[in-house]
Protein chains: 2
Amino acid sequence: MAPKKAEELQFSIDPNSGVPFYKQIILQIEMAIADRRLKRGNQLPTVRSLAVDLKINPNTVAKAYNQLELRGIVSTQQGTGTFISDKEVEMDDVEREKILSQITRDFLSKASSYGFSIQEIIEHLNELQDRE
Amino acid sequence: MAPKKAEELQFSIDPNSGVPFYKQIILQIEMAIADRRLKRGNQLPTVRSLAVDLKINPNTVAKAYNQLELRGIVSTQQGTGTFISDKEVEMDDVEREKILSQITRDFLSKASSYGFSIQEIIEHLNELQDRE
DNA sequence: TGTATTGTACTATTGTTATAGTACAAACAA
DNA sequence: TTGTTTGTACTATAACAATAGTACAATACA
């Protein structure tokens, strides 16, 4: 267990992006897990405190947390808080490769609709990784 | 005049991004103009054909075109079509980078929910590129 | 035991987005 | 001329997103 607070995380909301607030929150939590800023057992901000922080409605934060819980990414205990759970994804290597190819193809075609080349994307990803 | 068709352009819609369809279309057109894939006089797809292509409602495409016309970026002649006008579309590197970041984050969070690491994704992309 | 904190569950309201469907108007071509 | 293609305009509907407000339930702590 690592019931550490995750207060060092800085959430932010862009009201002009067109992306729903609750999805922006989900995205930021997913990204934080992906690059290890959030680990198993870490506690997320309370719905009320994050709502105050982002100047949005507590219901909106709760909606984000609920969706993450449905997907098994966090677990919540009423009266205690919401915590990162340890979701294990089980897949055989063939299936994994297939899925990676599929979502990568989708991503590349989307990126090219905006005029981004695969070189540009690789550079961008490398930069992201070097920033650790 | 350059009344060329702009059929080589591949538009795409991501229904899961949270970004409204009409805004996705607007952004893709703006970026195509900014990096000269679309030039003055080029004809955009008709509202009906693009709607069929993207499997969305013609009204949604029309909404995107209308907003672009309000901003002077395209001009429409009823019975003829919608064309790129000669208004400058500014897209500095910062803005472009921001957009690349957003769609990349989208992709990474999806990938990480399947258990893929950034490292793995970069390797996969490198393989794809070497295969050219 | 209280008391504060946490998540949950409603209702109601507002604005945006996307859809279906219909009809009309302007340009063009045969 | 007639018919096709183009964009436009409108109504109505449904779903979603975010808000305010209120109340309740479970936990932790002093």
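In this predicted model, β1(B) and β2(B) make up a hairpin, with 3 residues sitting between the two strands. Gly79(B) is in the turn and has a positive phi of about 90°. The strands themselves, β1 (residues 74–77) and β2 (residues 81–84) of chain B, run antiparallel and are joined by 4 bridges. One of the pairings puts Thr76(B) across from Thr82(B), its bridge partner in β2(B).

Chain A has a hairpin of its own, built from β1(A) and β2(A), again with 3 residues between the strands. Here Gly79(A) takes a positive phi near 85°. Strand β1 of chain A covers residues 74–77 and pairs with β2(A) in the antiparallel sense, over 4 bridges. Thr76(A) finds its bridge partner in β2(A) at Thr82(A). Thr76(A) also has business with the DNA: a polar atom of its side chain lies 3.3 Å from a phosphate oxygen of DNA strand C.

That leads on to DNA strand C. There are 23 residues around this strand, and the ones that come nearest are Arg48(A), Phe21(B), Asn57(B), Thr60(B) and Gln78(B). Asn66(A) goes for the backbone of the strand, with a side-chain N or O atom 3.3 Å from a phosphate oxygen. Asn59(B) goes for a base instead: an N or O atom of its side chain is 3.3 Å from a base nitrogen of DNA strand C. Two or more residues of the surface near this strand come from each of α2 (47–54), α3 (58–70) and β2 (81–84) in chain A, and from each of α1 (21–34) and α3 (58–70) in chain B. Sorted by class, that surface has 15 polar residues, 5 nonpolar ones and 3 charged ones. On the DNA side, sugar or phosphate makes up 66% of the strand C atoms within 4 Å of the protein, and bases make up the rest.

DNA strand D is surrounded by 23 residues, with Pro20(A), Phe21(A), Thr60(A), Gln78(A) and Arg48(B) the closest. Of the strand D atoms that come within 4 Å of the protein, sugar and phosphate account for 65%. Several polar contacts can be picked out here. The side chain of Tyr22(A) places an N or O atom 3.0 Å from a phosphate oxygen of DNA strand D, while the side chain of Thr80(A) has one 3.0 Å from a sugar or linking oxygen. From chain B, Val47(B) uses a polar backbone atom, which lies 3.0 Å from a phosphate oxygen of the strand. The elements that each supply at least two residues to this surface are α1 (21–34) and α3 of chain A, along with α2 (47–54), α3 and β2 of chain B. The top contributor is α3(A), with 3 residues. By class, the surface near DNA strand D comes out at 14 polar, 5 nonpolar and 4 charged residues.

Moving away from the DNA, chain A splits into domain 1 (21–84) and domain 2 (93–130). Their C-alpha centres are 27 Å apart.

A few residues of chain B show how that chain meets chain A. Thr104(B) belongs to helix α4 (residues 93–113) of chain B and touches Phe107(A), His124(A), Leu125(A) and Leu128(A). Thr104(B) is classed as buried because its relative accessible area is just 1%, under the 20% cut-off. Its side chain reaches the backbone oxygen of Leu100(B) at 2.6 Å.

Leu125(B) is found in helix α5 (residues 118–130) of chain B. At 0% relative accessibility, this leucine counts as buried. Its contacts in chain A include Thr104(A), Leu108(A), Ile118(A), Ile121(A), Ile122(A) and Leu125(A). Within chain B, Leu125(B) and Lys98(B) are 27 residues apart along the chain, and their C-alpha atoms are separated by 21 Å.

Asp14(B), finally, sits in the segment before α1 of chain B. With a relative accessibility of 18%, Asp14(B) also counts as buried. A polar atom of the Asp14(B) side chain lies 2.9 Å from the backbone nitrogen of Asn16(B). Beyond its neighbours within four places in sequence, Asp14(B) is in contact with Lys110(A) in the other chain, and with Gln24(B) and Asp106(B) in its own.

Note on methods: Residues are numbered from 1 along each chain as its sequence is written. Chains are lettered from A and ligands numbered from 1 in the order in which they are written. This is a predicted model: local features need pLDDT of at least 70, side-chain atom pairs count only at pLDDT 80 or more; totals for chains, interfaces and linings use all residues. Side-chain values use heavy atoms; hydrogens and water are left out. A residue is near a molecule or strand if one of its heavy atoms lies within 4 Å of it. A polar contact is a pair of N or O atoms within 3.5 Å; within protein, one must be able to donate a hydrogen and the other to accept it, and residues adjacent in sequence count only if both atoms are side-chain atoms. Ala, Val, Leu, Ile, Met, Phe, Trp, Tyr, Cys and Pro count as nonpolar, Asp, Glu, Lys and Arg as charged, and the others, Gly among them, as polar. Two strands pair if DSSP finds at least two bridges between them. Buried means under 20% relative accessible area, exposed over 50%, partly exposed in between (1.4 Å probe, protein chains only). Contact means heavy atoms within 4.5 Å. Domain bounds come from an automatic or database domain assignment.
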